[in-house]
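Q: I have a structure to go through with you. May I put some short questions as we look at it?

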Amino acid sequence: MPARTRNTAQRQAISKRLEELSVFVSAQRLHEELARGGTKIGLATVYRTLQTLASDGTVDTLRTDSEILYRYCGTDSHHHHLVCRLCGKTVEVAGSQIEAWANQIASEAGFVDVEHTVELMGTCASCAANRS
Ligand SMILES: [Zn+2]
Ligand SMILES: [Zn+2]
Ligand SMILES: [Zn+2]
């Protein structure tokens, strides 16, 4: 199989598995999930493919203290996430008040082309229930 075809197949396998999982996972964890499902892709390839998917906007990334987590994101437009610290469950949130606040702060300071990233981290209802 030519390299390009193989890369495309791996890329599809990786983004499909990530879409099925629908939570933030590390490259390591995704690599394990793929192996469990019978898809043998090297960890280095999983890393590289996730970086490519992240740079073209197919996946969201989340930087924690120790690692980068990835999640398939079906939404192209600008949005934010509410993420469970324990299980990675994610809720996509529109943040119109955040947008208004950011625009106002930026224009008051005379800034243009302002971008922002806002991620809300917490404990989801089921993890909170399990804990008590
Ligand atoms: Zn998203
Ligand atoms: Zn949770
Ligand atoms: Zn925003």
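Q: Is Cys 87 buried or exposed, or in between?
A: In this predicted model, Cys 87 is partly exposed, with a relative accessible area of 34%. Buried means under 20% relative accessible area, exposed over 50%, and partly exposed in between (1.4 Å probe, protein chains only).

Q: And Cys 84, buried or exposed?
A: Cys 84 counts as buried, at 3% relative accessibility.

Q: How many disulfides does the structure hold?
A: Zero; a disulfide here is a pair of cysteine sulfur atoms within 2.5 Å.

Q: New topic: which residues are the protein donors of the zinc ion (ligand 3)?
A: The donors are His 78 (NE2), His 80 (NE2), Glu 99 (OE), Glu 99 (OE) and His 116 (NE2), at 2.0 to 2.6 Å from the zinc ion. Donors are N, O and S atoms within 2.8 Å of the metal (3.2 Å for Na, K and Ca); water is not among the atoms, so sites may look incomplete.

Q: Where do His 78 and Glu 99 lie?
A: His 78 is in the loop between strand E3 (68-72) and strand E4 (80-84), and Glu 99 is in helix H4 (residues 96-108), so the pair ties together parts 21 residues apart in sequence. Helices (H or I, at least four residues) and strands (E, at least two) are DSSP runs, numbered from the N terminus.

Q: How accessible is His 78?
A: His 78 counts as partly exposed, at 48% relative accessibility.

Q: What about Glu 99?
A: Glu 99 is partly exposed, with a relative accessible area of 21%.

Q: Any ground rules?
A: Residues are numbered from 1 along each chain as its sequence is written, while chains are lettered from A and ligands numbered from 1 in the order in which they are written. Local features need pLDDT of at least 70, side-chain atom pairs count only at pLDDT 80 or more, and totals for chains, interfaces and linings use all residues, while side-chain values use heavy atoms, leaving out hydrogens and water.
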